[in-house]
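Let's take a walk through a protein model together. Have the structure open in your viewer, and we will go from a single side chain out to the whole fold and back again.

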Amino acid sequence: MCGIAGIVSHRYVSQELYDALTVLQHRGQDAAGIVTCENGRLHLRKDNGLVRDVFSNSHMLKLKGNMGIGHVRYPTAGCTSSAEAQPFYVNSPFGLTLAHNGNLTNTEELKQALFVEDQRHINTDSDSEVLLNVFAHELQELKKLKLSVEDVFTAVTKVHERCRGAYAVVVMIAGVGILGFRDPHGIRPIVFGERKSESGSEFMIASENVALDVLGFDMIRDIEPGEAVFIEESGILHTKQCSALVDHCPCIFEYVYFARPDSIIDDIQVYKARLRMGEKLADKIIREWPDHDIDVVIPIPDTSRTAALQLANRLGVKFREGFIKNRYIGRTFIMPGQQMRKKSVRQKLNAIDLEFEGKNVLLVDDSIVRGTTSEQIILMARDAGAKKVYFASAAPPVRYPNVYGIDMPAARELIAHNRTEDEICQAIGADKVIYQDLDDLIEAVRRGNRNIKHFDTSCFSKEYITGDIDDAYLEKIEKLRNDGAQIMRNSENFIIGMQNSD
């Protein structure tokens, strides 16, 4: 999962891109990058680390220009070194930089075609570099010295014809403008907005509208599935539908976990969707466990707080904050390595004993992925004196990998894969586990926008909407995503980094 942003302004944009990436930091904590354009010359800074660590004052002073794009990333399959930090750059044609959120599912096929037919070299394992080179090739095939807006949209149409999977993208064409586009399924979110100034309109593209809000841009709308938005360097906006086949199917996990609660994605308020998840979960408890003995509902901070509060209200049970969070520890779900995740849970959360002692506690989390965090938190609740510890998930059991930009682990590392709910309960050490039903989750989200007919629910249902995912593909990504492979890659990158520093 990543966060992207692009701005065309009448003043230098580096500070505003920095601020936008800071707001989008929840979407990726592994690497960050900004590239700006001044008089046709590109200025780039990117590296591993949080936004605040990647950019010093000296870096910011060098990022000159009135338009630019930015990116935050967390580690994805095969991409753990600073070489995969974005934006990516190619010099031909025109000078292009790209930032991408999502994942292509036909990357290997595209790599082969780029090498054999397009004669382009791919230097990393990132599918984002592949996507950039596909777009660059399609622009070059137009054989134009000067691009028109229609030329840009024609290249996007060709990208849709060649690329499969999930992609929300910003591209900067040196001296020309900034482009944003979204795959024909609209799996990953991307919005655009406008800000009026004395010099004229300024425009911004971002993964979530919260990035627009903090910079004073008024959101225009989401970029539609298959649509492209192009902003000329002079500040003129153009939009066009570039895909003949569109099937809107946004990722439901955005609403469960990734998006900020104050975001609005595809006209669905994330906060209200999470309130409804809590209501649905409470209704299931009332329906299936009417004689429950829950004394208190406690959320696992922060994402589950909204659902947990509504659940408690619906049940008529006390809601309490039982864990204090250290905000300087990253999200454990995206941390590579089981031992690192276990260690970080204790560093990340501390229990308030008086909220647990002698009570039957219902802990609520947004989801259960590996189960590592859940197991450690249940132990913490018992150590704090809880009499019984029940565990509720606002999402259904995560049984299958996500292949559209959320780097969930290999299937065998998912706690729910090939396990019943009773077996999951035993594995994480709870007295009872309650999962959201998939139909209830879909209804909780879809109630915000009835025009969306279906969602990507592949990590729950194994129904992959692009139609090109089989067991062989899942086996291949399992080799990339299992903890052993992640640790090996991290070790190799550490050694390479040490050698480079010498």
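Our starting point is Arg-419, which sits in the loop between strand 21 (388-393) and helix 13 (421-428). Helices (H or I, at least four residues) and strands (E, at least two) are DSSP runs, numbered from the N terminus. Arg-419 is partly exposed, at a relative accessible area of 34%. On this scale, buried means under 20% relative accessible area, exposed means over 50%, and partly exposed lies in between (1.4 Å probe, protein chains only). Leaving out residues up to four places away in sequence, Arg-419 touches Arg-399, Leu-414, Ile-424 and Ala-427, where a contact means heavy atoms within 4.5 Å. From C-alpha to C-alpha, Arg-419 and Arg-399 are 8.7 Å apart in space, with their positions 20 residues apart in sequence.

A word on what you are looking at: this is a predicted model, in which local features need pLDDT of at least 70 and side-chain atom pairs count only at pLDDT 80 or more, while totals for chains, interfaces and linings use all residues. Residues are numbered from 1 along each chain as its sequence is written, and side-chain values use heavy atoms, with hydrogens and water left out.

Now zoom out. The protein chain folds into 17 helices and 22 strands. Its radius of gyration is 23 Å, close to the 23 Å that the globule rule gives for 502 residues, so the chain is as compact as a globular protein of that length. That radius is taken over C-alpha atoms, and the rule is 2.2 Å times the number of residues to the power 0.38. Along its principal axes, the C-alpha trace spans about 75 × 50 × 45 Å. Of the 502 residues, 61% are buried. Among contacts in the chain with a separation of 6 or more, 70% are between residues 24 or more positions apart.

What lies inside? The largest nonpolar core has 39 residues, and those with the most contacts inside it include Phe-253, Met-277, Val-445 and Phe-460. Such a core is a set of buried Ala, Val, Leu, Ile, Met, Phe, Trp, Tyr and Cys residues joined through side-chain atoms within 4.5 Å. At least two of its residues come from each of helix 8 (253-258), helix 9 (270-288), helix 14 (438-446), helix 15 (458-461) and helix 16 (471-481). Helix 8 gives the most, with five residues. A second, separate core of 32 residues includes Ala-136, Val-156, Phe-181 and Phe-230. Back in the helices, Val-445 touches Ile-252, Tyr-255, Ile-268, Ala-273, Arg-276, Met-277 and Phe-455, not counting residues up to four places away in sequence.

Next, the cysteines. A search of the whole structure finds zero disulfides, a disulfide being a pair of cysteine sulfur atoms within 2.5 Å. Why is Cys-249 not bonded to Cys-251? The sulfur of Cys-251 is the closest cysteine sulfur to that of Cys-249, but at 9.0 Å it is too far for a bond. Cys-249 is also buried, at 0% relative accessible area. For Cys-242, the closest cysteine sulfur is in Cys-163, 13 Å away and likewise too far for a bond.

Charged pairs are a different story. The whole structure holds 34 salt bridges, each a side-chain nitrogen of Lys or Arg within 4 Å of a carboxyl oxygen of Asp or Glu. One of them joins Arg-164 and Asp-468, whose closest N and O atoms are 2.9 Å apart. This pair links distant parts of the chain, 304 residues apart: Arg-164 is in the loop between helix 6 (149-162) and strand 7 (165-173), and Asp-468 is in the loop between helix 15 and helix 16. Another salt bridge, at 3.0 Å from N to O, joins Lys-144 and Asp-151. Here Lys-144 is partly exposed at 40%, whereas Asp-151 is buried at 8%. Arg-11, Glu-16, Arg-195 and Glu-202 are linked in a salt-bridge network.

Finally, look at the backbone. Most residues other than glycine have a negative phi, and most peptide bonds are trans. A cis peptide bond joins Ser-92 and Pro-93, with omega about 0°. Phe-94, in the loop between strand 5 and strand 6, has a positive phi of about 75°.
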